[in-house]
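Please open the structure in the viewer and keep the selection panel at hand. The tour proceeds from one selection to the next.

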Amino acid sequence: MNASTRQKTGLVLEGGATRGIYTAGVLDVLGERRVAFDGVIGVSAGAIHGISFLANQVGRSIRYYLAFCRNPRFFGFKNLLLTGNFVGNTFCYKDIPERLAPFDNDAFEASSSEFFITCSDVETGEAYHRRTQSVRGEDMDILRATASLPVLSQIVEVDGRKLLDGGIADSIPIRALRQMGFPKCLVVLTQIDGYRKKPSRSPLPSLLYRRYPAFVQAIAQRHNRYNATLDHIAELEASGQIHVLRPSRKVNISRLERHPERILEMYELGRKDALEHLDQILAFLSDTEKPGV
């Protein structure tokens, strides 16, 4: 194949908090087969699991989720009351990657894939897609920002921006990655086929972020953007431009799940679905010639 006619491949990873452990199952199957992508973009939990995939650490995510999901330092209202963050920042972004479930920074930095993290800019209400070449210093802060849920987290300041959960502004950044030059994408979703997001009824964002009206508006309109993106994904999938993998059945798991058996069930579903679709995924990724070439 002529390199000039090759379409770059991309991997788009939706978030979903604990529900995102489905993505970890999918990625572990791909990692075991050494499936590679030219570009990867992750939102919230998608970014969290995406770094382990690019560091070739198969099984890392499920191991530490099962080990710590009931640990109050992992996440809980005690953390929120004491620190303003539901997730234990020191525990999750220092203790786990440095000691308890060591993250291989060297392997991640050696990856040939370009990695992007999506956050939401609180001041503009728009998505901020940042290329990340390591998970040290400010790069760890950008990872923390994408997974910082509004209301349950303090604003994270990186690159002169005020950032929170990437899912608010761009839950499934398929357009962004394709516009960056990665047109042939595998998209991993964490909701079942037919899911449509409903509007948020909580009054808290309007109260807590009244200084940031664009962000309040972004939260209010999130369901419309999300559902429009699902429609766009359906069009791209029907035309063969992308391949989509989503949970094949519903699992009774909450966004902040503490039951290990439910977390494991969601992870195993990700593995099962990936294995069943593996031949299709490999065929899709290998067919990288531009149409008509």
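Which residue just after helix 2 takes a positive phi? Select Asn56: its phi is about 60 degrees. The model under inspection is a predicted one.

**Helix 2**

Next, select residues 45–54, which form helix 2. Of its 10 residues, 10 are buried, so helix 2 is largely enclosed by the rest of the structure. The buried set includes Ala45, Gly46 and Ala47, and Ile51, Phe53 and Leu54 are also among its members.

**Helix 2 against helix 3**

Add residues 60–68, helix 3, to the selection. The two axes come within 9 Å and cross at roughly 130 degrees. That crossing makes helix 2 oblique to helix 3. To display the contact, show Ile48, His49 and Ser52 on the helix 2 side, together with Arg60, Ser61, Tyr64 and Tyr65 on the helix 3 side. By class, the residues of this contact are three nonpolar, three polar and one charged.

**Cysteines**

Now turn to the sulfur atoms. A search of the whole structure yields zero disulfides. Cys119 takes part in none, and the nearest cysteine sulfur to its own, in Cys92, is 16 Å away. Cys119 counts as buried, at 0% relative accessibility. Select Cys185 next: its closest cysteine sulfur is that of Cys119 at 19 Å, which is too far for a bond. Cys185 is likewise buried, its relative accessible area being 0%.

**Salt bridges**

The structure contains 16 salt bridges; three stops follow.

- Select Arg33 and Glu32, whose side chains form a salt bridge with an N to O distance of 3.1 Å. Arg33 is partly exposed at 40% relative accessibility, and Glu32 is partly exposed at 38%. Extend the selection to Arg271, which is linked with Glu32 and Arg33 in a network of salt bridges.
- Select Arg136 and Asp106, joined by a salt bridge at 3.1 Å, N to O. This pair links distant parts of the chain, 30 residues apart: Arg136 lies in the loop between strand 4 (127–131) and helix 7 (138–146), and Asp106 lies in helix 6 (residues 105–110). Arg136 is partly exposed, with a relative accessible area of 41%, whereas Asp106 counts as exposed at 56%.
- Finally, select Asp139 and Arg130. Are these two partners buried or exposed? Asp139 is buried, with a relative accessible area of 15%, and Arg130 is buried at 14%. The closest N and O atoms of their salt bridge are 2.7 Å apart.

Note on methods: Residues numbered from 1 in each chain as written. Predicted model: local features only at pLDDT ≥ 70, side-chain atom pairs only at ≥ 80, totals over all residues. Heavy atoms only, no water. Buried < 20%, exposed > 50% of the residue type's maximum accessible area, 1.4 Å probe, protein only. Helix = DSSP H or I, 4+ residues; strand = E, 2+ residues; numbered from the N terminus. Axes fitted to C-alpha atoms, helices over the stretch in contact; angles between N-to-C directions. Parallel < 35°, antiparallel > 145°, perpendicular 65-115°, else oblique. Contact = heavy atoms within 4.5 Å. Nonpolar A, V, L, I, M, F, W, Y, C, P; charged D, E, K, R; others polar. Disulfide = S-S within 2.5 Å. Salt bridge = Lys/Arg side-chain N within 4 Å of Asp/Glu carboxyl O.
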